[in-house]
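Let's walk through this chain together, one question at a time. Have the sequence and the 3D view open as you read.

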Amino acid sequence: MKCVKVPLRQLNDTRIKLMEAGQMNMEYKIKACEEYGYIPVNDDVEGYEIVCMRLEAMPKVARSFSELLEGELDSDEIENLRTSFDTIGDIVILEIPENLEDKKQIIGDAALKFTKRKAIYMKRSAIKGTTRVRDLEFLAGTDDSVTIHKEHGTRLKLDVREVYFSPRLATERKRVMESVNDGENILDMFCGIGPFPIVIARNKDVKITAVDINESAIKYLNENINLNKLKGSIETYCGDIAEVSKSFNSKFDRIIMNLPGLAYTFLDLAVDLIEDGGIINYYEFSDSYEQGIKRLESACSKKNKQVEIINCRKVKSTSPGEWHVAIDGRVTNK
Ligand SMILES: C[S@@+](CC[C@H](N)C(=O)[O-])C[C@H]1O[C@@H](n2cnc3c(N)ncnc32)[C@H](O)[C@@H]1O
């Protein structure tokens, strides 16, 4: 193997020069001895002493997920898998279609090599039940489902087997956080491990009441409050919002309702708990905004209130033709 021989003190500068000039042979490792360093090169390099040395080869790293699965899956199958990746901290969750079930181990191993994360799990069910958690099957790496996810400067600790969390809502959380004013008194009715409260309280001086029926979610939210430097404060409650809310003795400037399949059944309660002029950040699964707007209007009119729709957005696609939609409404007394 041809190498450039340089005194050790020049090793780093020479390495950078050769790399930038495309003259370094990247398939072999640099060797440093007592006085000299040896940099593998493709050819003679003018101005340098060239010697022949045996150097250790670099470990072969696959360039891409496709390369790792070449010969096993076709390019459409690989692309579909790649878009199904959800990375939560150092864990990757994959959706493997039924027709590739017999290749799940090869896919899991490839995902582990490609992502270099701690663990790969595959989805085994839809998100289900009151706590909105899905079954997962461990595929590769270390079977440890607790991780810390970083989002907008916050650290969110969670167990992917025990609680709901979607990294795909990060943009929505930032958008809501940016619309919050210092001083707001906020209720998150279905807070999970607290991504909305933590992202908001890290950036705004607010008071947040966070409720979830899942004990594990509240356990992690309590840890997350200590893991992050917050400007605002968060008070946590574990239980059904319909019950917990009976102990509240003030109303709220903002209520966050991210339980998209069932939030509409709690709209009457939210309308009771909102301050005059307060904002409801309402979510549901739908193919349009009309249904959600009608539900907000009807809940308000029952209580002699009215709602001004400030904003509607499609947060993410959930199935063909159906969206996780967000509707922001300002509620005022008539
Ligand atoms: C879709 S998750 C959203 C969690 C969190 N807001 C987030 O964005 O990650 C809905 C959460 O509502 C909780 N939940 C369901 N029914 C509830 C109820 N009646 N009262 C309080 N929490 C409830 C579930 O445990 C779950 O954590």
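Two strands pair if DSSP finds at least two bridges between them. Helices (H or I, at least four residues) and strands (E, at least two) are DSSP runs, numbered from the N terminus. This is a predicted model, in which local features need pLDDT of at least 70 and side-chain atom pairs count only at pLDDT 80 or more, while totals for chains, interfaces and linings use all residues. Residues are numbered from 1 along each chain as its sequence is written.

Q: Over how many bridges do strand E9 and strand E10 pair?
A: Strand E9 covers residues 146–151 and strand E10 covers residues 154–159. Within this pair, His149 stands opposite Leu156 in E10. The two strands run in the antiparallel sense, and the number of bridges is six.

Q: Which residue takes a positive phi in the hairpin of E9 and E10?
A: This hairpin has two residues between the strands. The phi in question is near 45 degrees, and the residue that takes it is His152.

Q: How many helices and strands does the chain have, and is it more spread out or more compact than a globule?
A: The chain has 10 helices and 17 strands. Its radius of gyration (taken over C-alpha atoms) is 27 Å, whereas the globule rule (2.2 Å times the number of residues to the power 0.38) gives 20 Å for 334 residues. The C-alpha trace spans about 90 × 45 × 30 Å along its principal axes. Because 27 Å is well over 20 Å, the chain is more spread out than a compact globule.

Q: What separates the centres of domain 1 and domain 2?
A: The domain assignment, which is automatic or from a database, gives domain 1 (2–52), domain 2 (65–144) and domain 3 (166–333). Taken over C-alpha atoms, the centres of domain 1 and domain 2 are separated by 41 Å.

Q: What is the order of the strands in the open sheet of seven?
A: The pairing in this sheet is mixed. Its edge strands, each pairing on one side only, are E13 (233–238) and E16 (305–319). From one strand to the next, the twist averages 15 degrees. The order is E13-E12-E11-E14-E15-E17-E16.

Q: Which residue in E14 stands opposite Leu187?
A: Strand E11 (residues 185–188) and strand E14 (residues 252–257) run parallel and are joined by three bridges. Opposite Leu187 stands Ile255.

Q: At what angle does helix H6 run to E12?
A: Helix H6 (residues 195–203) lies across E11, strand E12 (207–212), E13 and E14. Axes here are lines fitted to C-alpha atoms, for helices over the stretch in contact (C-beta atoms, placed from the backbone, within 7 Å). Angles run from 0 to 180 degrees between N-to-C directions. For H6 and E12 the angle is about 170 degrees.

Q: Which domains give residues to the largest nonpolar core?
A: A residue is buried if 20 or more other C-beta atoms (placed from the backbone) lie within 10 Å of its own, exposed if 12 or fewer, and partly exposed in between. A nonpolar core is a set of buried Ala, Val, Leu, Ile, Met, Phe, Trp, Tyr and Cys residues joined through C-beta atoms within 7 Å. Of the 75 residues in the largest one, Leu94, Met189, Ile255, Met257, Ala270 and Ile280 touch the most other members. This core lies between two domains, because residues come from both domain 2 and domain 3.

Q: Is Leu267 buried or exposed?
A: Leu267 is in helix H9 (residues 267–273). Leaving aside neighbours within four places in sequence, its contacts are Arg295, Leu296 and Ala299. Because 21 other C-beta atoms lie within 10 Å, Leu267 is buried.

Q: How many of the 10 residues of helix H1 are buried?
A: Helix H1 spans residues 11–20 and lies largely in the open. Just after H1, Gly22 takes a positive phi of about 70 degrees. The number of H1 residues that are buried is one.

Q: Is Lys116 buried or exposed?
A: Lys116 is found in the loop between helix H4 (104–115) and strand E7 (119–123). Although Lys116 is not a glycine, its phi is positive, at about 55 degrees. With 10 other C-beta atoms within 10 Å, Lys116 is exposed.

Key:
Contact = placed C-beta atoms within 7 Å.
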